[in-house]
Each structure stands twice: as structure tokens, then as C-alpha cells.
Amino acid sequence: MTKTTGLIAFLWLLLVMSSPSLLALSASTYRYLTPSHLITFIVSGLTFVILGRQLKKRGHAPFWPGTIIGSATAILGSAVYQYTIRLPHAQHALSLSLHGVPPLAVSAMLHIHPVSGALIISAFSAGFYGLWGGFATWWGAQSAPFSHTPGPKDNVQTKSRT
């Protein structure tokens, strides 16, 4: 894999995976946090497929680079997210979005086990996005996954009776 291709994919995926954390900074956007993770999953999958195609063009095996980039960006994206949701501004936004829950309870919930929670979520994300990245880059490297290649039966020409 060329260093440029890997670096561009890494930086793009890091941006994609850490961008949902920005939604945690405002009470009006906090409710979009869950759908943003679905969008992150879809955009990262498309990115991995494109990466797989680029790796195939350059003659490289696609699975392991996708796995490594997926795991690394997931760990760093999770770390950014875990840091962001514990900022005072994000805590206030969460308190405003949870009607009837005292702000002290919200703060306690976020700070009971911050390190172990962040490590568990980062490890899960690394495993999940590592497998997702490996599979999607491998799949993207397959010859035109969405196109139909004509088989021998499709090339049979019929004679016209004119």
C-alpha cells in the first residue's frame, strides 16, 4: 500500500469517526447522535470499498490494510468521542436533552468509570471497525462487485430470420 493512499484513508476515516462527537456539544443536536453513528458506518464502509479498489489497482492485498486502518481510526475516534462527551458543555447539553434527570445524576453517570468505559468502547470499536474495514476493503477489491459480467450464455447471438 502506498503511504499516501493509507494516510489519506486514515485521516478521512478519523474525521468521519470522530465527527459525531460534535453533535454532543449542543442540546438541539444531541438527539441526532445515534443516527450519526449509522451514517458513520455507511460512509466508512464506502471509504473502505474505495480503499480496496485503490489497493487492488496498485497490486496490494486489501484485507489487512483495511483491518489496521479501521482499528486504528476506531480507537482514536472513540477516544475523541469519549473526551468530548465529558466536556462541561457536552454534559450540559446532555442534561438539557434528558428531561427530568437531575444534572448531578448525569454528571455522575458520565464520571463513574470514565477510563474503563473509554477503554471498553475503544476496544469494541477497534474490533468491529477492524473487521468491517477488512471485509469492506476485500470486497471493494473484488472485480466490480455491483456489475454483472456476461457469462457464456449471455454471449450467445440469435440469428434473425430475415
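# Six helices and how they pack

From the N terminus on, the elements of this predicted protein chain run α-α-α-α-α-α.

Visitor: How many helices and how many strands does the protein chain have?

Guide: The elements run α-α-α-α-α-α from the N terminus on. The secondary structure therefore comes to zero strands, with helices counted as DSSP runs of at least four residues. The helix count is six.

Visitor: What share of the residues of the protein chain counts as buried?

Guide: A residue is buried when its relative accessible area is under 20%. The chain has 162 residues. The buried share is 36%.

Visitor: What part of the accessible surface of the protein chain belongs to carbon and sulfur atoms?

Guide: The accessible surface comes to about 10,400 Å². Carbon and sulfur atoms hold a share of that area equal to 72%.

Visitor: Among contacts between residues at least 6 apart in sequence, what percentage joins residues at least 24 apart?

Guide: Contact needs heavy atoms within 4.5 Å. Take the contacts in the protein chain between residues at least 6 apart. The share that joins residues at least 24 apart is 77%.

Visitor: Are H1 and H2 roughly parallel or roughly antiparallel?

Guide: The axes of H1, residues 3-18, and H2 come within 10 Å. They cross at roughly 175 degrees. Angles over 145 degrees count as roughly antiparallel. That makes the arrangement of H1 and H2 roughly antiparallel.

Visitor: How many charged residues does the contact of H1 with H2 have?

Guide: From H1, the contact takes in Thr5, Ala9, Trp12, Leu13, Val16 and Met17. From H2 come Thr40, Val43, Ser44, Thr47, Phe48, Leu51 and Gln54. By class, eight are nonpolar and five are polar. The number of charged residues is none: no charged residues.

Visitor: Is Thr40 buried or exposed?

Guide: Thr40 sits in helix H2. Beyond residues up to four places away in sequence, Thr40 touches Val16, Met17, Pro20 and Tyr129. Its relative accessibility is 7%, and the cut-off for burial is under 20%, so Thr40 counts as buried.

Visitor: What is the angle between H2 and H6?

Guide: H2 spans residues 33-57 and H6 spans residues 114-141. Their axes are 7 Å apart. H2 and H6 are oblique to each other. The angle is about 45 degrees.

Visitor: Is the crossing of H2 and H6 left-handed or right-handed?

Guide: The two helices meet through many residues, among them Ser44, Gly45 and Phe48 in H2 and Trp132, Gly133 and Ala136 in H6. By class, their contact has 10 nonpolar, eight polar and two charged residues. The crossing of H2 past H6 is right-handed.

Visitor: Which residues does Phe41 contact, leaving aside neighbours within four places in sequence?

Guide: Phe41 belongs to helix H2. At 26% relative accessibility, Phe41 counts as partly exposed. The C-alpha atoms of Phe41 and Tyr129 are separated by 8.7 Å, though the two lie 88 residues apart along the chain. The contacts of Phe41 are Phe128, Tyr129 and Trp132.

Visitor: Which helices do the buried residues of H4 pack against?

Guide: H4 covers residues 88-97. Its buried residues include Ala90, Gln91, Ala93, Leu94 and Ser95. The helices they pack against are H3 (63-85) and H5 (103-111).

Visitor: How far apart in space are Ala90 and Tyr30, C-alpha to C-alpha?

Guide: Ala90 lies in helix H4. At 1% relative accessibility, Ala90 counts as buried. Leaving aside neighbours within four places in sequence, Ala90 is in contact with Ala24, Leu25, Tyr30, Thr84 and Ile85. Ala90 and Tyr30 are 60 residues apart in sequence, and their C-alpha distance is 8.9 Å.

Visitor: Are H4 and H5 oblique or roughly parallel to each other?

Guide: H4 and H5 pack with their axes 9 Å apart. The angle is about 125 degrees. Roughly parallel would need an angle under 35 degrees. H4 and H5 are therefore oblique.

Visitor: How many nonpolar residues does the contact of H4 with H5 have?

Guide: H4 passes H5 in a right-handed crossing. Gln91, Leu94 and Ser95 in H4 meet Pro103, Val106, Ser107, Met109, Leu110 and His111 in H5. Four of the residues in this contact are polar and no charged ones occur. The nonpolar residues number five.

Key
Residues are numbered from 1 along each chain as its sequence is written. This is a predicted model: local features need pLDDT of at least 70, side-chain atom pairs count only at pLDDT 80 or more; totals for chains, interfaces and linings use all residues. Side-chain values use heavy atoms; hydrogens and water are left out. Axes are lines fitted to C-alpha atoms, for helices over the stretch in contact, and angles run from 0 to 180 degrees between N-to-C directions. Angles under 35 degrees count as roughly parallel, over 145 as roughly antiparallel, 65 to 115 as roughly perpendicular and the rest as oblique. A crossing is left-handed if the near helix is turned anticlockwise from the far one by less than a right angle, and right-handed if clockwise. Ala, Val, Leu, Ile, Met, Phe, Trp, Tyr, Cys and Pro count as nonpolar, Asp, Glu, Lys and Arg as charged, and the others, Gly among them, as polar. Buried means under 20% relative accessible area, exposed over 50%, partly exposed in between (1.4 Å probe, protein chains only). Accessible areas come from the Shrake-Rupley method with a 1.4 Å probe; for residues, only the protein chains shown count as cover.
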